[in-house]
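Student: Please take one part of this structure and go through it closely. I would like a single connected account, with the setting of the whole chain added where it helps.

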Amino acid sequence: MQPRSRLAHSRPSEATGKSMGTRQFDPYFSHWADIAARRVLDAHPDTDPIVVAAGITPSGVVHIGNFREVMTVDLVARALRDQGVPVRFIYSWDDFDVFRKVPADAPQKKMLEENLRRSVADVPDPYGRTDSYASHHIERFEASLVPLGIEPEFIRQSRRYRAGHYAHGIRRALEKADLIRSVLDQYRKEPLPGDWLPLAGFCGACGRDEVDFSWDGEWSVTLSCRDCGETTAVDLREGGDVKLPWRIDWPMRWAFEGVCFEPGGKDHSSAGGSFDTAKQIVGPVYGGVAPEYVAYDFVRLKGLGGKISSSSGGVVTVADCLRVYEPEMLRWIFASQRPNSEFQISFDLDVIKLYEDYDRAVALAYQPDDGSRKDKKRQIVRRTIELSSVVPKRIEAGDRPTRVPSFRPLSMILQIHDGDVERALAHYESRGEVETPAERERFRVRARCVWNWILDFAPEEFRYRIRSTPSPKPLEGEARAVLERLVGILEENPEITESELISHLKTLCDDTDLTPRDFYPFAYDLLIARPKGPKLSTLLTTMGAERALPLLRAGLG
RNA sequence: GGGCGCGUAGCUCAAUUGGCAGAGCAAGUGGCUCUUAACCACUAGGUUCGGGGUUCGAUUCCCCGCGCGCUCACCA
């Protein structure tokens with residue numbers, strides 16, 4: 001059966017992949033996002049476009065854990081599009097949610113406390129920049145997605161509800177209240193009361209959510225505020241401060257948008273969790289089907305030296321991560337982990353290892369297949385790298401990756417240049433290691449990340465600065481004699497290359513009782529005020545004789 | 001109490017829908033007269049938690065047990 005003819009660039013394996021009931025290994029479908037995409041297509045063979053959805057409550061700083069939801073959907077959306085399928089990616093901001101708790105680090109705590117129990121869309125922005133508390137967090141998060149190439153269609157649920165978009169959905173829930181109640185009661189410790197209505201909302205006068213509801217059996221809902229005593233009538237068709245509780249809201253919106261794929265955090269995913277009840281509600285109440293589902297695990301944090309994020313309490317945002325990780329790497333970190341596995345985002349020395357792992361993966365991805373057993377691994381890595389690209393792309397035979405320096409040497413070169421990205425770039429260009437415009441751009445992105453890491457997270461032994469004023473302490477004895485030789489070498493040949501310098505360094509201590517190991521600490525102390533440092537030959541040639549000589553001569557008194 | 005996930009080399013994890021159990025780091029050996037968790041080459045390292053089952057073949061699938069973690073039983 002040929003389910004659809006929309007394979008824009010159909011692959012040979014599409015034609016031959018199924019035979020005798022077994023499916024050949026197809027590297028293009030090796031990734032979990034590809035497998036999820038295929039599941040979606042199997043379940044929705046005639047849907048066009050395929051709707052994929054993510055959603056978050058902006059009840060506080062939107063952090064890197066929340067990001068996993070968006071990233072998961074983006075990867076599946078990418079996988080679907082790579083099969084030539086039109087995709088609509090909607091991102092639902094559940095900003096019609098109750099403001100329950102003032103974050104520990106928020107400004108204007110008193111103002112915020114006075115706004116508890118109101119909708120986060122109605123609480124003022126304590127930072128005074130946007131029209132609401134919700135908008136503040138929403139705007140920051142949306143902006144942080146741009147460098148990652150994630151461009152969903154954002155939907156503010158507060159506006160949808162208030163505009164009456166969901167009138168039929170709410171009415172349908174009211175009509176089926178008994179059914180919904182019985183679904184929910186299966187898992188509740190305390191059954192819902194017999195007169196329970198599937199409604200939530202905010203008082204029209206004070207804006208708080210401590211309201212009782214009544215329904216006239218048609219389009220009119222009345223809210224009675226337990227707080228201020230006010231009574232508000234809402235015509236569902238016109239919209240107002242009435243919404244469905246989360247467990248009903250979710251399936252209603254599945255049906256409304258025709259969602260084909262939506263992941264959920266593990267808190268939604270267990271038996272009796274909101275996905276479980278939602279999928280029991282969506283059919284009988286809304287005549288819809290539950291989307292294909294992926295449960296994702298949490299993201300943990302590691303190695304925070306206390307300097308991340310304006311917000312305390314270990315909240316790390318996407319923007320925080322992008323200070324240290326290149327956009328492709330951040331995508332890669334999520335793309336290379338299965339969604340149902342928990343992992344850590346690290347800011348300590350793991351960062352170096354991750355950069356090395358990533359560079360290795362890129363190198364492997366661009367290696368041509370050679371028919372050996374390693375091809376499988378290459379293909380999987382290649383697909384993961386493709387999905388990690390900010391701009392969608394295929395890696396074809398003969399493609400070359402954009403060159404970029406390794407993290408560790410770059411961190412050294414940057415420090416020698418006091419964090420000046422352009423001077424460090426000039427250094428790499430002079431060695432022919434950065435040449436094209438693409439390489440220059442790539443270099444700048446990585447260099448900024450490296451420098452941010454040095455500033456915020458590198459352990460002390462990793463950091464150094466070249467002395468701005470020469471050491472006041474001259475050397476004595478043989479150390480001084482060796483230093484004189486070194487100064488002589490640099491004076492004689494200020495443009496000395498690193499390899500030339502190495503051959504000199506090997507004989508530097510000849511005819512003395514010192515070994516290089518004994519002498520180097522003196523040199524490092526003169527240059528960077530520390531007993532150890534980057535490989536001396538690299539340090540001297542990179543900083544240049546012009547800069548090194550005054551510091552070294554200080555050791556001669 | 002229900003559900004989900006995990007358990008593989010000293011550590012962190014892979015293993016492509018069942019087909020020779022692999023990487024990185026750590027360790028050991030050799031090399032580079034020495035450099036930030038240096039680099040290169042090589043070596044070693046495993047009863048895949050335990051016990052059954054299905055299969056020509058199980059890390060993978062099924063059942064039982066043990067251990068660990070998370071989650072729902074309030075709200076979202």
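Tutor: The setting comes first. This is a predicted model, and 52% of the 557 residues in chain A are buried. The chain contains 23 helices and 15 strands, from which I take one sheet for the close look.

That sheet is open and has three strands, in the order 7-8-9, with antiparallel pairing. Its edges are strand 7, residues 211-215, and strand 9, residues 231-235, each of which pairs on one side only. Direction ignored, neighbouring strands of the sheet are turned by 25 degrees against each other on average. In general, the strands of a sheet pair through backbone hydrogen bonds, in either a parallel or an antiparallel sense.

Now to one pairing within the sheet. Strand 8 covers residues 220-225 and pairs with strand 7 in the antiparallel sense over five bridges. One residue pair to look for in the viewer is Trp215 and Val221: the latter, in strand 8, is the bridge partner of Trp215. Trp215 falls within the range of edge strand 7, 211-215.

Back at the scale of the chain, the C-alpha atoms of chain A fill a box of roughly 100 × 70 × 40 Å along the principal axes. The radius of gyration of chain A is 31 Å, whereas a compact globule of 557 residues would have one near 24 Å. Of the contacts in chain A between residues at least 6 apart in sequence, 69% join residues at least 24 apart. Chain A exposes about 25900 Å², and carbon and sulfur atoms supply 50% of this area.

Terms used:
Residues numbered from 1 in each chain as written. Chains lettered and ligands numbered in written order. Predicted model: local features only at pLDDT ≥ 70, side-chain atom pairs only at ≥ 80, totals over all residues. Heavy atoms only, no water. Pairing = 2+ DSSP bridges. Helix = DSSP H or I, 4+ residues; strand = E, 2+ residues; numbered from the N terminus. Axes fitted to C-alpha atoms, helices over the stretch in contact; angles between N-to-C directions. Rg over C-alpha atoms; globule rule 2.2 N^0.38 Å. Buried < 20%, exposed > 50% of the residue type's maximum accessible area, 1.4 Å probe, protein only. Contact = heavy atoms within 4.5 Å. Areas by Shrake-Rupley, 256 points an atom, 1.4 Å probe, with all protein chains shown as cover.
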